[in-house]
Amino acid sequence: MRPNFEMRIAKLGIAALAVTSAIVLIGCSGDQAMTSPTSPGGGGQSASMVQIGHWGGSGIMLDVSDTEARLEFACAHALLGAPIPLDSIGSFTAPGTYFPEGMGPIPDEDLQGHPATFLGRVTGDVMKLSVTLDEGNEFVGIFELVSNQTGRVIKCQ
């Protein structure tokens, strides 16, 4: 059983490196962010947030409304609160819940979802997104989405 433990530790080290790389990649790409005409609650002030609508990419779809954002992956889905504010360089950090899916019975803890952190950066009509489960700092992946595009997701069956 010792080699299995060492393999898990090695995977965690690789995941930590991937998350760090994702943060650097997201932090260093592009200059401009999508903006919405006004901030939530009115007032006419300009606020920067992830654009409402459809975003898509290879293996991922994102639908953003004024109250929630729903992500679809091949074998999972996730929910985030919306609007998702962007900072001055178009970056965001948003908490959400990640729900694994797949064949066969789903464990009870997966039905409740797992807290996750969604790090992203919007540059023009392109979003780079990194997803990490909070528990165990488990790295899910890095994705690229384009505004007003349909994602290409083949769901697990």
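**Entry 1: Gly56**

I looked up the contacts of Gly56 in this predicted model. Setting aside neighbours within four places in sequence, I found Gly56 in contact with Met61, Glu144, Leu145, Val146, Gln149, Thr150 and Gly151. Gly56 belongs to strand β1, which covers residues 53-57. I then checked one of these contacts, Val146, by its C-alpha atom. The C-alpha atoms of Gly56 and Val146 are 5.4 Å apart, although 90 residues separate the two along the chain.

Is Gly56 buried or exposed? I entered Gly56 as buried, because its relative accessibility is 4% and the cut-off for buried is under 20%.

**Entry 2: the barrel**

I next traced the strand order. Eight strands close into a barrel, and I read their order as β1-β2-β3-β4-β5-β6-β7-β8, with antiparallel pairing. On average, neighbouring strands of this sheet are turned by 30° against each other, with direction ignored.

I examined one pair in detail. Strand β4 (residues 76-81) and strand β5 (residues 91-100) run antiparallel and are joined by five bridges. Within this pair I noted that Leu80 has Gly96 of β5 as its bridge partner.

**Entry 3: the cavity**

How many cavities of 30 Å³ or more does the whole structure hold? My search returned one. For the largest cavity I recorded a volume of about 50 Å³.

I listed its lining as Leu62, Ala69, Leu71, Leu80, Ile84, Phe92, Met127 and Leu129. Leu80 thus appears again in my notes: it lines the largest cavity and is bridged to Gly96. Strands β3 (68-73) and β7 (126-133) each contribute at least two residues to this lining. By class, I counted eight nonpolar residues in the lining of the largest cavity, with no polar and no charged ones.

**Entry 4: the second largest pocket**

I turned to the second largest pocket, which holds about 170 Å³ of space. Its lining consists of Tyr98, Pro100, His114, Leu133, Glu135, Glu138, Phe139 and Val140. The elements that give two or more residues to this lining are β5 and β8 (138-147).

Which element supplies the largest share of the lining of the second largest pocket? I attributed it to β8, with three residues. By class, I recorded five nonpolar, one polar and two charged residues for this pocket. The lining of the largest cavity, by comparison, has no polar and no charged residues.

Notes:
Residues numbered from 1 in each chain as written. Predicted model: local features only at pLDDT ≥ 70, side-chain atom pairs only at ≥ 80, totals over all residues. Heavy atoms only, no water. 1 Å grid on protein atoms, 1.4 Å probe; cavity = no way out; pocket = protein on both sides within 12 Å on 5 of 7 lines; lining within 4 Å. Points joined across faces, edges and corners; volume = space filled by probe spheres on them. Helix = DSSP H or I, 4+ residues; strand = E, 2+ residues; numbered from the N terminus. Nonpolar A, V, L, I, M, F, W, Y, C, P; charged D, E, K, R; others polar. Pairing = 2+ DSSP bridges. Axes fitted to C-alpha atoms, helices over the stretch in contact; angles between N-to-C directions. Buried < 20%, exposed > 50% of the residue type's maximum accessible area, 1.4 Å probe, protein only. Contact = heavy atoms within 4.5 Å.
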